[in-house]
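Subject: Structure handover

Hello,

Here is the structure I said I would pass on. My notes on what was found in it follow below.

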2 protein chains.
Amino acid sequence: MTESSPSAAPVSEVLSVPERVLLGPGPSMVNPRVLQAMMQNMIGYLDPDYVLMLEDVSGLLGDVFQTGDAATMALSGTGSAGMEAGLSSLLEPGDTVIVCICGFFGERMVDMATRVGANVVALRSEWGKTFPPEMLSDALEENPDVKLVAIIHAETSTGVRQPLEDISRLAREHGALFMVDAVTSLGGNNLSFDEWDIDYSYSATQKCLGCPPGLSPVAVSQRALDSIRSRETPPTSWYLDLSLNANYWYSPRVYHHTSPVSMVLALREGLRIVVEEGLENRFARHERNAAALRAGLEALGMEVVPPEDARLAQVTPVWIPEGVDDAEVRARLLSEYNIEIGKGLGQFDGKVWRFGLMGESSRADYVLLSLSALENILPTVGYEVAPGAAVSAASKTLASV
Amino acid sequence: MTESSPSAAPVSEVLSVPERVLLGPGPSMVNPRVLQAMMQNMIGYLDPDYVLMLEDVSGLLGDVFQTGDAATMALSGTGSAGMEAGLSSLLEPGDTVIVCICGFFGERMVDMATRVGANVVALRSEWGKTFPPEMLSDALEENPDVKLVAIIHAETSTGVRQPLEDISRLAREHGALFMVDAVTSLGGNNLSFDEWDIDYSYSATQKCLGCPPGLSPVAVSQRALDSIRSRETPPTSWYLDLSLNANYWYSPRVYHHTSPVSMVLALREGLRIVVEEGLENRFARHERNAAALRAGLEALGMEVVPPEDARLAQVTPVWIPEGVDDAEVRARLLSEYNIEIGKGLGQFDGKVWRFGLMGESSRADYVLLSLSALENILPTVGYEVAPGAAVSAASKTLASV
């Protein structure tokens with residue numbers, strides 16, 4: 001019997017990953033430097049050289065979250081793990097949390113917070129618009145003992161960018177901790193953790209950071225860490241306990257669980273690329289390509305879901321034109337052009353398409369390619385378009401910005 | 001402003017991962033085929049081609065867990081996430097769980113089960129020995145309403161392989177579900193999910209499967225899934241809810257969270273390699289290399305912790321010789337020979353070294369290299385050894401098996 005594995009025949013269907021252009025709500029394209037970084041040698045989770053890399057990741061995350069004091073680290077799960085880490089670490093059974101909801105992912109917060117035994121006040125406003133601070137103000141008056149206010153910064157389901165300044169101020173005035181979902185915003189639009197007085201924010205690697213999915217970068221204020229460390233009962237989740245995770249990412253660096261080394265190496269490279277490009281440049285790139293995409297989609301006669309002053313650059317949802325088959329168009333974009341776009345979630349299922357231009361996917365050539373593909377497909381499914389109009393409108397926008 | 005990232009100067013210390021020989025309790029070495037598979041193109045988590053790959057992984061995991069009926073999938077977290085998924089999905093607040101403990105990781109189960117509100121009966125037996133079924137038998141008589149019995153199959157902290165047949169029979173006789181930690185056993189020694197009537201088992205990718213850390217492969221019996229689906233309250237963890245995860249890995253394939261695509265691609269390749277080698281061949285390889293390592297360590301005058309009939313092939317703990325500095329020897333193995341071995345955990349901290357020979361790390365050349373390095377280092381820290389004795393004993397064993 002040999003020591004090494006034989007280079008034998010495949011045991012299941014041979015299938016390599018097709019080359020997709022990922023223009024959905026994530027995962028997005030991955031920078032080749034990130035892929036290279038990810039396939040380095042394996043290393044132990046307490047190896048002195050690996051600890052240096054953890055420090056790099058913490059420091060770079062501090063830059064990207066725009067924070068000086070917060071603990072910054074990457075949790076070993078996807079963005080949803082970051083959401084659960086916050087709710088389960090910051091809330092004890094019976095604690096009151098106010099969740100500000102104007103889309104699909106706000107409802108996920110309600111589900112998670114309910115599971116950990118919190119008293120959940122769910123404030124539901126209209127999908128496709130920003131959440132109105134007045135709703136929060138009223139709810140805070142009615143719930144003076146509130147422990148936490150939580151909100152989504154960039155709602156991937158509706159394409160809305162939520163202003164956070166007023167929400168933050170209200171939370172602070174009532175002594176509540178403030179939690180922000182930055183899954184789709186971090187690295188794509190401005191997120192000022194310190195300036196906006198945020199206590200906990202979490203993101204994901206596969207949206208605007210140009211990495212594969214699998215980690216949740218987080219920032220935790222010292223106030224939030226103090227709150228966790230003075231809980232009467234431990235968080236329901238051991239795996240996602242922010243205090244235990246911080247004890248590995250920072251002194252005393254005690255073993256908690258085996259760090260997902262390859263993903264951390266990938267994230268380190270992804271963050272280096274973000275900082276090299278510069279946050280302002282990166283945000284401007286996202287805005288420019290989104291403006292071009294919107295111009296093209298509007299030239300096709302489609303209507304962008306959120307009002308003009310509330311639009312995310314990262315995700316653009318449009319109403320699916322009357323009579324056009326949602327699934328057929330998405331399937332043909334994939335099979336004929338290798339382009340993935342997103343379907344609607346929740347109450348927008350079957351009603352909207354979502355175009356993601358995030359991180360490495362935010363490129364002018366992808367904008368033009370996707371509009372060209374739509375110009376070709378739509379007339380064959382009963383929706384007439386003026387040939388070349390979309391690509392022309394997008395090109396004009398690209399030239400003018 | 002350019003569209004692509006400039007190939008600019010590094011923003012943090014340039015540092016590539018050193019080439020380590022990983023002979024600790026994990027992560028272990030990664031097969032180069034796995035690294036190649038991991039750096040394929042990114043793809044959407046509901047892309048038809050990706051769904052085929054998920055099916056491959058499920059099927060291969062069924063082979064490796066040796067189960068026909070169980071749901072097999074990979075959770076998006078490390079082995080500890082698999083532990084928490086089981087305890088939080090199978091237990092409701094107030095449910096009784098009996099945890100059979102003879103090492104560090106049994107205590108982790110107690111911590112997690114307590115956090116989800118279960119009534120935890122912790123049975124503690126001596127570290128370094130197998131857990132005696134009589135203890136469980138007595139506890140079952142005293143707790144007739146027990147919902148779950150949980151145990152570690154391969155205790156990485158003590159190097160003990162736990163026989164499971166009697167434990168399983170006792171759990172079944174008392175109507176309890178049976179949960180097995182296979183983090184260090186899956187792919188390294190026999191684990192017969194169906195034959196041993198297991199309801200839930202979880203593992204990790206970085207031990208005997210030759211992959212990077214980051215996923216927890218699990219098997220869930222239909223009986224366990226039925227139990228979860230008839231809970232009165234939802235599991236405390238949404239992210240690790242086994243039922244929600246199964247709804248993505250199997251029909252109706254609804255979105256739960258973004259699948260960590262690259263890690264799943266890596267696992268698919270790792271599992272193909274396991275099945276190509278063949279489980280029996282793989283177990284024999286682990287036994288052979290462990291026998292050689294033990295012969296070498298004993299020739300150095302060191303004593304293996306567990307008794308002969310309870311030893312794991314994957315992890316060999318030895319008592320650190322009197323007067324020898326634990327940390328110094330490990331640091332010198334790392335700095336002079338690039339070899340990582342493991343330190344003791346919990347009550348074995350500072351008392352044992354742990355040598356892991358798992359998956360891709362279970363190789364004859366690594367056995368000889370590590371023994372040679374010890375032969376060189378030990379005399380310089382005040383512990384005399386007969387030159388060449390360890391390597392010679394190991395070589396003799398390798399030749400005879």
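Chain A contains 13 helices and 13 strands. Its radius of gyration is 22 Å and the globule rule gives 21 Å for 401 residues, so chain A is as compact as a globular protein of that length. Please keep in mind throughout that this is a predicted model.

Overall picture of chain A

The C-alpha trace of chain A spans about 70 × 65 × 40 Å along its principal axes. Of the 401 residues in chain A, 67% are buried. Taking the contacts in chain A with a separation of 6 or more, 71% are between residues 24 or more positions apart. The exposed area of chain A is about 13000 Å², and 50% of that area is supplied by carbon and sulfur atoms. As for charge, chain A carries 29 positive and 52 negative side chains. The centres of these two sets are 3 Å apart.

Helix α2 of chain A

Helix α2 covers residues 48-65 of chain A. Its 18 residues, at 1.5 Å each, should span 26 Å, and the end C-alpha atoms are indeed 26 Å apart, so the expected and computed spans agree. Which residues of α2(A) are buried? They are Y50(A), V51(A), M53(A), L54(A), D56(A), V57(A), S58(A), L60(A), L61(A), G62(A), V64(A) and F65(A). In general, an α-helix has 3.6 residues a turn, so residues three or four places apart point the same way.

What do the buried residues of α2(A) pack against? Their partners in chain A include the strands β2 (71-75), β9 (200-202) and β10 (216-220). The helices α8 (242-249), α9 (261-277) and α10 (279-299) of chain A are also packed against by these buried residues.

Cis peptide bonds

One cis peptide bond runs from S251(A) to P252(A), with omega near 10 degrees. P252(A) sits in the loop that joins α8 and α9 of chain A. In chain B, the peptide bond from G26(B) to P27(B) is cis too, and its omega is near 0 degrees. The loop that holds P27(B) lies between β1 (21-23) and α1 (32-38) of chain B.

Positive phi outside glycine

D197(A) is not a glycine, yet its phi is positive, near 55 degrees. This residue belongs to the loop between β8 (177-181) and β9 of chain A. Is D197(A) buried, exposed or partly exposed? With a relative accessible area of 31%, D197(A) is partly exposed, because buried requires under 20% and exposed over 50%.

N338(B) is also a residue other than glycine with a positive phi, here about 60 degrees. It is placed in the loop between α11 (326-337) and β12 (339-343) of chain B. N338(B) has a relative accessibility of 28%, so it counts as partly exposed.

G187(B)

The loop between β8 (177-181) and β9 (200-202) of chain B holds G187(B). The relative accessibility of G187(B) is 2%, so this glycine counts as buried. Leaving aside residues up to four places away in sequence, G187(B) touches V64(B), C208(B), L209(B), R282(B), F283(B) and H286(B). How far apart are the C-alpha atoms of G187(B) and G359(B)? They are separated by 7.4 Å, while the two residues are 172 residues apart along the chain.

Regards

Note on methods. Residues are numbered from 1 along each chain as its sequence is written. Chains are lettered from A and ligands numbered from 1 in the order in which they are written. This is a predicted model: local features need pLDDT of at least 70, side-chain atom pairs count only at pLDDT 80 or more; totals for chains, interfaces and linings use all residues. Side-chain values use heavy atoms; hydrogens and water are left out. Helices (H or I, at least four residues) and strands (E, at least two) are DSSP runs, numbered from the N terminus. The radius of gyration is taken over C-alpha atoms; the globule rule is 2.2 Å times the number of residues to the power 0.38. Buried means under 20% relative accessible area, exposed over 50%, partly exposed in between (1.4 Å probe, protein chains only). Contact means heavy atoms within 4.5 Å. Accessible areas come from the Shrake-Rupley method with a 1.4 Å probe; for residues, only the protein chains shown count as cover. Lys and Arg count as positive and Asp and Glu as negative; His and the chain ends are not counted. The place of a charge is taken as NZ of Lys, CZ of Arg, CG of Asp or CD of Glu. The expected span of a helix is 1.5 Å times one less than its number of residues.
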